[in-house]
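Here is a short tour of some helix contacts and strand pairings, best read with the model open beside you. Take a look, and then we will go through them topic by topic.

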Amino acid sequence: MNYEDEDKVPMIRMSEVELKEVEWLWKPYIPFGKLTIIQGDPGNGKTYLGMQLCAACTNKIVLPNMEMQEPFNVIYQTAEDGLGDTVKPRLIEAGADLDRVLVIREEPNDLLTLTDDRIERAIVENDARMIILDPVQAFLGEKVDMNRANEVRPIFRHLSDVAERTGCSINLIGHLNKNEGSSSSYRGLGSMDIRAGVRSVLLIGKTKDDPNLKVMVHDKSSLAPAGASIAFILGDEDGFRWVGEYDVTADELLFNSEKKQNKIQQAKDLICSLLEGEQLLLSEDIDRAALEKGISARTVRDAKKALGDALKSKTIQGRKKVFWME
């Protein structure tokens, strides 16, 4: 079959595609021109983190490991919290410049959805470089089944195109589903295509021992190596405050650290059995034995710390470490 030139399928030659560097709002957690999801259970601080982002973008307030941003306009769109009694007081507490925080006016019969052209128009008309939609489920539209990939996929493709065209960082705040015990990849509400359609996923959860201590974990990172988990305090007399880096994975956080504690105990038992009878073993041999039992090197390190003074070690051959127990 012969085709005339005007009937040929348009093609893109990769040699002609212009290379672009990723721009970052908060490297490596939140890129400009892309979609990011901030998710967690209710009450764990997702909205408070959104307020901190607004302050960082509008008033030069630096978040942990973040380069200072020259102030720019942001859009904060919420379907859950009152603007006067909740959003504004929290923005003031965070230190945001209220003149730079904007909200798209909605009417009861004309609610905003993710495919609404008002989102792109508002970004362009107000030169906004970040928008937060809280929660994302409220902006899907009443006829969209968020569990159906064929309905969700085009919506997120459209929103991704908006982010790409405008260079705006689009941040979607989402709740978790009730599938407790599942991996973090399966805890977001709706179709897996929602997770697949974003470049970064930040998970916020609480620790087992202190209900006021929350942790932000970089659960998905498509554009750079994942960032360190960062803890913050929320709920005591001092309000919101950052604590610093915190060694926990997304799954450990979701399982309230119980799974981690069980693994640490397994690692402790393994180390004790390997070193009984005044045995000496190289660190790499312990790690190898642990890996065969499904115990990670990180958990082995935690177990070594938990054993304390009972575990002895020294460096040999300039760099190798040998362990024994007394």
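A good place to start is Lys 312, whose bridge partner in S14 is Trp 324. Please keep in mind that this is a predicted model. The notes below begin with the strands around that pair and then turn to the helices.

**The hairpin**

- Strand S13 covers residues 311-316 and strand S14 covers residues 320-325; six bridges join the two, and they run antiparallel.
- Together S13 and S14 make a hairpin, with three residues between them.
- Within that turn, Gln 317 has a positive phi of about 55 degrees.

**The sheet around it**

- The hairpin strands belong to an open sheet of three strands, in the order S12-S14-S13, with antiparallel pairing.
- S12 (281-282) and S13 are the edge strands, as each pairs on one side only.
- S12 is joined to S14 by two bridges, and this pair runs antiparallel.
- Look for Leu 281 here: it stands opposite Phe 323 in S14.

**Helices H8 and H9**

- Helix H8 spans residues 283-292 and helix H9 spans residues 297-307; their axes come within 9 Å and cross at roughly 120 degrees.
- That angle makes H8 oblique to H9, because it falls outside the 65 to 115 degrees that count as roughly perpendicular and is not over 145.
- The crossing of H8 and H9 is right-handed.
- On the H8 side, Ser 283, Ile 286, Asp 287 and Ala 290 take part in the contact, and they meet Ala 297, Val 300 and Lys 304 of H9.
- Sorted by class, this contact of H8 with H9 has four nonpolar, one polar and two charged residues.
- Buried residues in H9 are Thr 299, Val 300, Asp 302, Ala 303, Lys 304 and Leu 307.
- Gly 308 follows H9 and has a positive phi, near 60 degrees.

**Helices H1 and H2**

- The axes of helix H1 (residues 46-59) and helix H2 (residues 83-94) come within 9 Å, crossing at roughly 55 degrees.
- H1 is therefore oblique to H2.
- This crossing of H1 and H2 is right-handed.
- H1 contributes Thr 47, Tyr 48, Met 51, Gln 52, Cys 54 and Ala 55, which meet Val 87, Arg 90, Leu 91, Glu 93 and Ala 94 in H2.
- The contact of H1 with H2 comprises seven nonpolar, two polar and two charged residues.

Terms used
Residues numbered from 1 in each chain as written. Predicted model: local features only at pLDDT ≥ 70, side-chain atom pairs only at ≥ 80, totals over all residues. Heavy atoms only, no water. Axes fitted to C-alpha atoms, helices over the stretch in contact; angles between N-to-C directions. Helix = DSSP H or I, 4+ residues; strand = E, 2+ residues; numbered from the N terminus. Parallel < 35°, antiparallel > 145°, perpendicular 65-115°, else oblique. Left-handed = near helix turned anticlockwise from the far one by under 90°. Contact = heavy atoms within 4.5 Å. Nonpolar A, V, L, I, M, F, W, Y, C, P; charged D, E, K, R; others polar. Pairing = 2+ DSSP bridges. Buried < 20%, exposed > 50% of the residue type's maximum accessible area, 1.4 Å probe, protein only.
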